[in-house]
Amino acid sequence: MAKGTLYNKVWDAHAVAQLPTGQHQLFIGLHLIHEVTSPQAFDMLRERGGKVAYPARTFATMDHIVPTTSQARPFADAQAESMMQAIERNTAEFGVNFFNFATGKQGVVHIIGPELGLTQPGMTIACGDSHTSTHGAFGTLSFGIGTSQVRDVLATQCLAMDAMKVRRVEINGQLKPGVTPKDVTLYVINKLGVKGGIGYAYEYAGSVFDGMSMEGRMTVCNMAIEGGARAGYVNPDETTFAYLKGREHAPKGAAWDKAVAVWKGFASDKDAVYDDLVTYNAADIEPMVTWGVTPAQSVAVGGSLPDPAATPDAGERGSLETAYKYMKLKPGQRMTDVKVDVAFIGSCTNGRIEDLRAAAAVAKGRQVSKSVKAFVVPGSMQVKVQAEKEGLHEVFKAAGFEWREAGCSMCLAMNPDQLVGDQVSASSSNRNFMGRQGSSTGRTLLMSPAMVVAAAVTGHVADVRTLA
Amino acid sequence: MSKVITVTGRAVPVRGDDIDTDRIIPARYLKEITFTKMGDYPFFDERFAADGSQKPHPFNEARFQGAQVLLGNVNFGCGSSREHAPQALVRWGNPAQPGIKAIIAESFAEIFAGNCVMLGVPALVASKADVASLQALAEKAPATEFIVDLAAMEVRAGGLSVKVTLPESRRKALTEGTWDSTGLLAANADKVAANAKKLAYMNGYQ
């Protein structure tokens, strides 16, 4: 049993009671909702004649279904329009905060929470979305929930939870030039597997995370769930506080100083006890790219594809064979020989300003290959405004990228941004599942934003460090 | 709320590790604002080609229609938190067909397993060898009745009897009929308010 970790401290501060089942009732400090997984929860609440217990603690936006070419209403897709009207109706009826287009603060739910300063160290955060783990970057306990649990949070501001174990994932040393947080998180998932984190919260620690920006930490925590860990976090430090200072919902004045003191107290103790510890060497990490249909099926960009025959476990071998068949790739093939048709930069994993800066730095002065459709989707309206202030949109457009409006876009393709047929996409998103990007035969290669640009300009997977 | 102590019915094996919730229900079906029609969509893209023709999949096979126990492998239900996935399994088929009422696998993704409990569906873990035996039995003799017994924590079918596990809190919630947690949580409203008062951020860090 872990002791003295941030996880333990946040859990204990929010544990309301033990339920007759033995589960724990956990108070949720921040509840984020979006249009896809909330309408049924509001309906259930209505059926039971309930109201939202703590409406000031729930914040809504829309991201999954919004088109990125134009936010004009009504949406062309009648289903998407109906979903929009549902969240407008529900937030109005139940008195829930709503960041719609008119506020200028709409965006991917896991991007706007931090950028508005809503996400604060020591909180419990829940959202009907598995990538809620993103918020752990601020030293929170944050995890995805299903719609019936969204109902529970709306009705009671609480969840019935079982305790988690804590694994410290420690990476020390110096990352090589050109290796990004996305590569770090893909590397960890590759090492621990997509099911390695089941039952765990991951504490990311060591000099690599100490030196990482908040945007980078968010990218890493975002994909904790892809390794099976429902939650991932980094202990709060001066980088965290500097990011939060001055943000709209962050405490101000005297309250700021008190808040920082409170936040520091949540960090794991030096003598904290963990259920498990793994350590990696930063220098071993290369720019990573997935080739298969799970986020663990990845290789260093210069590598070649693994041989299923060398895998002893029949289940894993079956997964590799499924991946090869679906991806139309062969063992031994070099990743840099794989051609791409679409290049997508965006998502809750890599749609923040720092990601766009990194991508623009590579795109500057280069041209997207004629055979590639390339587009950039800012993670929020505020990210878009900032990027335009810095002229990044001009860099992208000059290079041949389309510049879009904020939304989830082709990460999950619940909107017009979708692959067609068996197109191959170089994507800065988080999931390469079969059919994930909108075509039941579409193929996704996950990589960092800079690597997506490298693929876009060469027309194939390429090592951004050796770009001509 | 009903107590879930035993589930009795035929079984359908869905083989493969890491079957994610995008495979269980593709995202485009999440654009509906109710769960009502989710039963039309489980494994849709694995069952149907783009032209609407059927692909080989256990959910398409006549012998598995009406099955109530799903037999999966490793990390079943990984990926997206969408409750639409268990909703699609629970509502699978036509009104005459009961849908999936219990799932047995080698392991489950955490969010998926939690969503199952919220719907009164036990997500039970069995050993690799036992799952293989159960899957083989269901394929060889699909008419076999499986008895999922949460009191004895075992599954009995066609002479087989295998041990299954489930966190005790979930077993209690199911067998005592308290798996719909809203009522339990709401009963502690005073304690919730007291806890909220102690949290610095709830008081503006004053």
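Start with chain A and its contacts: among those between residues at least 6 apart in sequence, 77% join residues at least 24 apart. The model you are looking at is predicted.

**Stop 1: chain A as a whole**

Select chain A and colour it by secondary structure. There are 16 helices and 19 strands to find. Turn the chain along its principal axes, and the C-alpha atoms fill a box of roughly 55 × 55 × 45 Å. A compact globule with 468 residues would have a radius of gyration near 23 Å, and chain A has 21 Å, so the two agree. Of the 468 residues in this chain, 61% are buried.

**Stop 2: helix α1 of chain A**

Select residues 6-14 of chain A, which form helix α1. Is this helix largely enclosed or largely open? Helix α1 of chain A is largely enclosed by the rest of the structure, because 7 of its 9 residues are buried. To see them, show the side chains of A:Leu6, A:Tyr7, A:Asn8, A:Val10, A:Trp11, A:Ala13 and A:His14.

**Stop 3: A:Leu159**

Move to strand β8 of chain A, residues 158-161, and pick out A:Leu159. A:Leu159 counts as buried because 24 other C-beta atoms lie within 10 Å, and the cut-off for a buried residue is 20 or more. Now display its contacts, leaving aside neighbours within four places in sequence: A:Leu26, A:Ile28, A:Ala126, A:Ile145, A:Gln149, A:Asp152 and A:Val153. One of these, A:Gln149, can be checked with the distance tool. A:Gln149 and A:Leu159 are 10 residues apart in sequence, and their C-alpha atoms are 6.8 Å apart in space.

**Stop 4: the domains of chain A**

Next, give each domain its own colour. The domain assignment splits chain A into domain 1 (7-161), domain 2 (165-284) and domain 3 (288-466). Keep domain 2 and domain 3 of chain A on screen; their C-alpha centres lie 24 Å apart. Where they meet, 18 residues of domain 2 of chain A are in contact with 20 residues of domain 3 of chain A. On the domain 2 side, the elements that give two or more residues are α6 (181-192) and α8 (214-222) of chain A. Which of the elements gives the most to this side? The answer is α6(A), with 6 residues. Sorted by class, the domain 2 side that touches domain 3 of chain A has 7 nonpolar, 7 polar and 4 charged residues.

**Stop 5: helix α11 of chain A**

Select residues 314-327 of chain A, which form helix α11. At 1.5 Å a residue, its 14 residues should span 20 Å, and the end C-alpha atoms are 20 Å apart, so the helix agrees with the expected span. Its buried residues are A:Ser319, A:Leu320, A:Thr322, A:Ala323, A:Tyr324 and A:Met327. To see part of what covers them, add β19 (443-446) of chain A. Then step past the helix to A:Lys328, the residue that follows α11(A), where phi is positive, near 55°.

**Stop 6: the largest nonpolar core**

In soluble globular proteins, nonpolar side chains tend to be buried together. Here the largest nonpolar core has 220 residues, and the members that touch the most others are A:Ala359, A:Val452 and B:Ile104. Helix α16 of chain A, residues 449-458, supplies the largest share of this core, 8 residues. Centre the view on A:Val452. Apart from neighbours within four places in sequence, A:Val452 is in contact with A:Ala343, A:Phe344, A:Ile345, A:Ala359, A:Ala426, A:Ser427, A:Ser428 and A:Met447.

**Stop 7: chain B**

Hide chain A and show chain B, which has 8 helices and 8 strands. Along the principal axes, its C-alpha atoms fill a box of roughly 65 × 45 × 30 Å. Chain B has 206 residues, and 50% of them are buried. As for its contacts with a separation of 6 or more, 69% involve residues 24 or more positions apart.

**Stop 8: where the chains meet**

Finally, bring chain A back beside chain B. The contact takes 67 residues from chain A and 56 residues from chain B. On the chain B side, the elements that give two or more residues are α1 (21-24), α4 (110-118), α6 (168-175), α7 (182-186) and α8 (189-198) of chain B. Select α4(B), which gives the most to this side, with 5 residues. Coloured by class, the side of chain B that touches chain A shows 23 nonpolar, 18 polar and 15 charged residues.

Definitions and conventions:
Residues are numbered from 1 along each chain as its sequence is written. Chains are lettered from A and ligands numbered from 1 in the order in which they are written. This is a predicted model: local features need pLDDT of at least 70, side-chain atom pairs count only at pLDDT 80 or more; totals for chains, interfaces and linings use all residues. Helices (H or I, at least four residues) and strands (E, at least two) are DSSP runs, numbered from the N terminus. The expected span of a helix is 1.5 Å times one less than its number of residues. A residue is buried if 20 or more other C-beta atoms lie within 10 Å of its own, exposed if 12 or fewer, and partly exposed in between; C-beta atoms are placed from the backbone. Two residues are in contact if their C-beta atoms, placed from the backbone, lie within 7 Å. Domain bounds come from an automatic or database domain assignment. Ala, Val, Leu, Ile, Met, Phe, Trp, Tyr, Cys and Pro count as nonpolar, Asp, Glu, Lys and Arg as charged, and the others, Gly among them, as polar. The radius of gyration is taken over C-alpha atoms; the globule rule is 2.2 Å times the number of residues to the power 0.38. A nonpolar core is a set of buried Ala, Val, Leu, Ile, Met, Phe, Trp, Tyr and Cys residues joined through C-beta atoms within 7 Å.
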